[in-house]
Amino acid sequence: MFEIRVICDPADTDRITAALSGAFAAGAVRTYPTRDGERARLYVTADHRPEPGPWPTPDVAYALAPSIIREIGWTARTAADKPFGEHLEREFWLRKAALLDRIALQGEEDGTPGDDDEVATEAARRLIEHDRDGEGDYDGAPYWPEHPATAADPRGYVRQEYAHWAKNQ
């Protein structure tokens, strides 16, 4: 465990706090003005993040998932019912990516060639992009959206996030 001190422009405190939380297992950030009152001093107690474990297996991740047919219906209805000009919520992107991952897994199991794997990977990347740019409503344990392992295995990230989401519904 160690202490980090940062002196910065007050306008940068949120961005720096987010970066510290992404890089370390960080506690609460304490903020104080500098003596001249023009900058901010940030103090945080931090530790290295533990080495992440493996991704959840599909069986574990999708243990509580509804049938593929039901998820196709939910995804189609949600997309069709979206008012023009509104963005779809994270739940849509997560469930869509999980659905496409499950379809690709089924194709792999059946030995049927196709582009299911590519489609599932692209949907996973879309979820990761949403999580990077979103409000931080992802689980991120053990891998957060910016983690190199997430980029290396986007579908693993989907399984991680879906398993967490399904347990907390």
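1. A good place to start is the packing of two helices: the axes of helix 5 and helix 7 come within 8 Å and cross at roughly 65°. Axes here are lines fitted to C-alpha atoms, for helices over the stretch in contact, with angles from 0 to 180 degrees between N-to-C directions. Helices (H or I, at least four residues) and strands (E, at least two) are DSSP runs, numbered from the N terminus. The crossing of helix 5 past helix 7 is left-handed, meaning that the near helix is turned anticlockwise from the far one by less than a right angle.

2. Before going on, please keep in mind that this is a predicted model, in which local features need pLDDT of at least 70 and side-chain atom pairs count only at pLDDT 80 or more, while totals for chains, interfaces and linings use all residues. Residues are numbered from 1 along each chain as its sequence is written, and side-chain values use heavy atoms, with hydrogens and water left out.

3. Which residues make the contact between helix 5 and helix 7? Among them are Ala-124, Leu-127 and Ile-128 of helix 5, and Tyr-157 and Val-158 of helix 7; contact means heavy atoms within 4.5 Å. The residues of this contact divide into 7 nonpolar, 1 polar and 5 charged.

4. Now to the interior. The largest nonpolar core (buried Ala, Val, Leu, Ile, Met, Phe, Trp, Tyr and Cys residues joined through side-chain atoms within 4.5 Å) has 27 residues, and Tyr-62, Leu-127, Val-158 and Tyr-162 have the most contacts inside it. Helix 4 (90-110), helix 5 (116-133) and helix 7 (154-167) each give two or more residues to this core, and helix 4 gives the most, with 8. Leaving aside residues up to four places away in sequence, Leu-127 touches Arg-90, Trp-93, Leu-94, Tyr-157 and Val-158.

5. Have a look at the aromatic rings too. Trp-55 and Tyr-143 form a tilted pair, 4.2 Å centre to centre with 35° between the planes. (Ring centres of Phe, Tyr and Trp, its six-membered ring, pair within 6.5 Å; planes under 30 degrees apart are stacked, over 60 edge-to-face, the rest tilted.) Trp-55 lies in the loop between strand 4 (40-47) and helix 2 (58-61) and Tyr-143 in the loop between helix 5 and helix 6 (148-152), so the pair ties together parts 88 residues apart in sequence. Both Trp-55 and Tyr-143 are buried, that is, under 20% relative accessible area (1.4 Å probe, protein chains only).

6. Finally, Tyr-62, Tyr-162 and Trp-165 form one aromatic cluster.

Conventions:
Buried means under 20% relative accessible area, exposed over 50%, partly exposed in between (1.4 Å probe, protein chains only). Ala, Val, Leu, Ile, Met, Phe, Trp, Tyr, Cys and Pro count as nonpolar, Asp, Glu, Lys and Arg as charged, and the others, Gly among them, as polar.
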